[in-house]
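Please look at the sequence and the 3D structure shown here before reading the report.

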Amino acid sequence: MNLKNKKVLLGISGGIAAYKGADLIRRLQDQGAEVRVVMSKGATAFITPLTLQALSGHPVSTDLLDPAAEMGMGHIELARWADVVVIAPATANVIARINAGMADELITTACLATDAPVVICPAMNQQMYLNIATQENLANLSRRGYTIWGPDAGIQACGEVGPGRMLQPLDICARLEQFFAPKLLAGQKIMITAGPTREAIDPVRYISNHSSGKMGYALAQAAAAMGAEVTLVSGPVNLATPAGVTRINVESAEQMLHSVMQDIAQQHIFIGCAAVADYKVKQVADQKIKKSNAHMQLDMERNPDILATVAQQQQRPFTVGFAAETQDVAHYAMDKLKRKNLDMIAANDVSIAGQGFNADSNALTVFWQDGQQALAVASKQAIAQQLLTLIANRIKSS
Ligand code: PMT
């Protein structure tokens with residue numbers, strides 16, 4: 001419930017993406033937000049005010065000069081009520097009129113009359129989006145402090161391909177959660193490793209593990225939302241870079257170590273969430289190895305320990321490790337905390353189905369020298385936020 005009691009005024013303008021407004025209302029409510037809706041006349045051609053009224057639980061205004069609507073919460077009152085105004089979808093037309101400061105309909109008037117932040121989620125034909133007029137309007141609005149989210153690129157309703165698709169409601173909701181998250185890590189530089197490493201055997205084969213990167217990416221997203229400047233050193237994963245995060249792609253443990261050490265002196269916090277391969281092949285073959293023998297043996301040697309190397313630095317950041325265990329979780333985690341000289345370790349029991357590797361949820365027991373705290377099973381996003389809050393509090397109290 002990261003948007004608990006937040007008042008969202010949702011402005012829906014007239015594009016095919018207007019139907020996504022219904023889902024957006026639900027997603028916002030799932031997070032505890034109170035949603036009121038205003039629509040442009042054009043939007044009513046794509047989705048009815050009645051549908052949105054039923055979903056939001058409040059009358060939906062479509063007309064600036066509707067005496068009945070003004071008897072309830074009038075348009076100025078609505079603009080003042082909002083903690084945030086979200087225009088989604090925002091057509092080229094409504095963007096141009098907001099930029100011009102027009103007050104000719106409810107959506108544009110709400111933008112003029114509010115002192116809350118305004119978020120614009122563009123959605124239109126890709127050529128209209130790329131048109132210099134739209135680009136200048138958006139740049140202007142951005143300069144004036146409006147927040148622009150999206151658009152996504154892809155196949156459009158008109159059959160063309162390019163930028164102009166409204167962000168998915170879940171994505172908008174996640175960004176709003178970030179927007180409102182307490183800025184506990186403001187001014188902090190944080191580096192996070194995520195995903196697996198790949199240790200080459202020959203030009204076409206490698207050794208790796210099941211890490212998806214979801215836990216590390218959730219940490220990066222939550223840290224950015226909490227105001228930190230985030231560097232994500234990532235093994236090969238299939239995830240989008242969270243907004244506002246600097247991502248460095250690596251493959252092997254050696255490359256990860258190199259990237260981490262290049263910038264570690266600037267960091268206040270380091271979190272080693274990557275599943276780094278403990279061993280690498282001693283002699284990587286130049287050519288693809290032929291399967292001429294019934295058996296094959298690989299000569300392997302230890303990889304450098306990135307986390308321990310960071311913790312050994314004289315001027316080191318607040319250093320947090322992860323421990324992926326399948327038995328005696330607390331015992332092994334505490335051992336790693338001491339042996340690697342960490343400030344904190346987050347242990348997960350990766351033998352439990354639905355947690356740990358490649359799952360959407362996780363549960364952690366977090367240990368530090370003189371304390372511990374269990375974080376009950378929850379989405380990796382929620383766990384990330386709780387772990388970062390713990391870290392922020394530990395730093396504050398030390
Ligand atoms: O990526 P997901 O699919 O979301 O899964 C998340 C996760 C299970 C990978 C994550 O929650 C997790 O537990 N990450 C650490 C995995 C791991 O390698 O644990 P470990 O107990 O083997 O290593 C202990 C710590 O040392 C870790 O912080 C690890 O990053 C670090 N390490 C290990 C070896 C090495 N050579 N260098 C290291 O820095």
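The text below describes a sheet, the helices that lie on it, and one lysine.

The model is predicted, so local features need pLDDT of at least 70 and side-chain atom pairs count only at pLDDT 80 or more, while totals for chains, interfaces and linings use all residues. Residues are numbered from 1 along each chain as its sequence is written, and side-chain values use heavy atoms, with hydrogens and water left out.

An open sheet of 8 strands, with mixed pairing, follows the order β12-β11-β8-β13-β16-β17-β18-β19. Its edge strands, each pairing on one side only, are β12 (246–249) and β19 (371–379). Strands are DSSP runs of E of at least two residues, helices runs of H or I of at least four, numbered from the N terminus; two strands pair if DSSP finds at least two bridges between them. Strand β18 (residues 361–368) pairs with β19 in the antiparallel sense over 7 bridges, and Ser-361 stands opposite Ser-379 in β19.

Two helices touch these strands, contact meaning heavy atoms within 4.5 Å; angles run from 0 to 180 degrees between N-to-C directions of axes fitted to C-alpha atoms, for helices over the stretch in contact.

| Helix | Strands touched | Angle |
|---|---|---|
| α11 (residues 253–263) | β8, β11, β12, β13 | about 180 degrees to β8 |
| α14 (residues 380–397) | β8, β13, β16, β17, β18, β19 | about 160 degrees with β19 |

Lys-280 has its place in strand β14 (residues 279–281). Lys-280 counts as buried because its relative accessibility is 17%, buried meaning under 20% relative accessible area with a 1.4 Å probe and protein chains only. Leaving aside neighbours within four places in sequence, the contacts of Lys-280 include Glu-199, Glu-254 and Asp-299.

Note on methods: Buried < 20%, exposed > 50% of the residue type's maximum accessible area, 1.4 Å probe, protein only.
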